[in-house]
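Biologist: I should like to learn how the features of a protein model are read. May we go through them one by one?

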Amino acid sequence: ILLSLSLGYGLTRQGIKNERIQQQLVKDKLATELKYLKAQINPHFLFNTLNMAYATATKSNDITTADIIEKLSGLMRYVLYESNEDKVLLEKEIQYIDNSVNLQLQRLSAELAGQVNYQVNGDWQNHKVAPLILIPFIENVFKHGIFLSKKSEISISIALKSPLLILETKNLKSNHFRAAANPNSGIGLRNARERLQLLYPDQHKLEINETDSTFQVRLEIQIN
């Protein structure tokens, strides 16, 4: 009996150790992928170019272009520098999402932009969250939910109901969604799932409901 108990304890302990090693390997892989993406961009060259473009647009009194460049510069600065921390202020993360959505809307026609319902509710002060944890789901909505041939009907809702941060998205799907999907089309969502498992184990709930015509996501994260 003692031998069996000792053996069982040893195997359990080794199993837990192996699981931790596996989780660390996945985390290291994601971190490496993020560093690789950042390495593709020379930040000084990028910001110098954006500053030059912003100055040119302002000098030409092209306010719309200047606004786009300013938002893009802020997005890149956040991704390259501020998102290196394990947790960031939630209000900064929401500001990043606001700018991302606004840039998406600016590239659309007034008719298409009018079909996007974007709502943010809650008191974001004094809360922190893992950086860039929500944006893959939002980008996915714009990537697959914008159509020129029919109504898009996109819905994005972010709410803080302490201690829960809740993201809900809904978009229509193209009839050729699956056929047109490329081999890399699910990488963003797959990485998002892995990050949630690593950063918020037993502290999040992700529901993805997919039909022939719609794609819905509901994500709840305990941020306290």
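Modeller: Let us begin with strand pairing, bearing in mind that this is a predicted model. Strands β5 (residues 164–172) and β7 (residues 214–222) run antiparallel and are joined by nine bridges.

Biologist: Which residue of β7 is the bridge partner of leucine 164?

Modeller: Leucine 164 is matched with glutamine 222 in β7.

Biologist: In which sense do β6 and β7 pair, and over how many bridges?

Modeller: Strand β6 (residues 204–210) pairs with β7 in the antiparallel sense, over seven bridges. Glutamate 210 stands opposite phenylalanine 215 of β7. Three residues separate β6 from β7, and the two strands form a hairpin.

Biologist: How should one think about side chains along a strand, and what is the case of asparagine 209 in β6?

Modeller: In a regular strand, side chains alternate between the two faces of the sheet. Asparagine 209 belongs to strand β6. Its relative accessibility is 45%, so asparagine 209 counts as partly exposed. Setting aside residues up to four places away in sequence, asparagine 209 touches Thr214, Phe215 and Gln216. The C-alpha atom of asparagine 209 is separated by 9.4 Å from that of lysine 170, although the two residues are 39 apart along the chain.

Biologist: How is a pair of aromatic rings described, and how many such pairs does the structure hold?

Modeller: The distance of the centres and the angle of the planes describe a pair of aromatic rings. The structure holds one aromatic pair. It is formed by tyrosine 78 and tyrosine 96, with 4.9 Å from centre to centre and 25 degrees between the planes. The pair counts as stacked because the angle is under 30 degrees.

Biologist: Which parts of the chain does the pair tie together?

Modeller: Tyrosine 78 lies in helix α3 (residues 63–80) and tyrosine 96 in helix α4 (residues 90–106), so the pair links parts 18 residues apart in sequence.

Biologist: Are tyrosine 78 and tyrosine 96 buried or exposed?

Modeller: Tyrosine 78 is buried, at 4% relative accessible area. Tyrosine 96 is also buried, with a value of 9%.

Biologist: How does one read the packing of α4 against α6?

Modeller: A general point helps here: an α-helix has 3.6 residues a turn, so residues three or four places apart point the same way. The axes of α4 and helix α6 (residues 135–145) come within 11 Å and cross at roughly 10 degrees. These two helices are therefore roughly parallel to each other. On the α4 side the contact is made by Tyr96, Ile97, Ser100, Val101, Gln104 and Leu105, and on the α6 side by Ile135, Ile138 and Phe142. By class, this contact has seven nonpolar, two polar and no charged residues.

Biologist: How many residues of α6 are buried?

Modeller: Nine of the 11 residues of α6 are buried, so this helix is largely enclosed by the rest of the structure. Among them are Pro136, Phe137, Asn140 and His144.

Biologist: Where is glutamine 115 placed, and which residues is it in contact with?

Modeller: Glutamine 115 sits in the loop between α5 (110–113) and β2 (116–121). With a relative accessible area of 16%, glutamine 115 is buried. Beyond its neighbours within four places in sequence, glutamine 115 is in contact with Lys151, Ser152, Glu153 and Ile154.

Biologist: How many helices and strands are there in the protein?

Modeller: The protein has eight helices and seven strands. Of its 224 residues, 33% count as buried. Among contacts between residues at least 6 apart in sequence, 70% join residues at least 24 apart.

Technical notes
Residues are numbered from 1 along each chain as its sequence is written. This is a predicted model: local features need pLDDT of at least 70, side-chain atom pairs count only at pLDDT 80 or more; totals for chains, interfaces and linings use all residues. Side-chain values use heavy atoms; hydrogens and water are left out. Two strands pair if DSSP finds at least two bridges between them. Helices (H or I, at least four residues) and strands (E, at least two) are DSSP runs, numbered from the N terminus. Rings of Phe, Tyr and Trp (its six-membered ring) pair if their centres lie within 6.5 Å; planes under 30 degrees apart count as stacked, over 60 as edge-to-face and the rest as tilted. Buried means under 20% relative accessible area, exposed over 50%, partly exposed in between (1.4 Å probe, protein chains only). Axes are lines fitted to C-alpha atoms, for helices over the stretch in contact, and angles run from 0 to 180 degrees between N-to-C directions. Angles under 35 degrees count as roughly parallel, over 145 as roughly antiparallel, 65 to 115 as roughly perpendicular and the rest as oblique. Contact means heavy atoms within 4.5 Å. Ala, Val, Leu, Ile, Met, Phe, Trp, Tyr, Cys and Pro count as nonpolar, Asp, Glu, Lys and Arg as charged, and the others, Gly among them, as polar.
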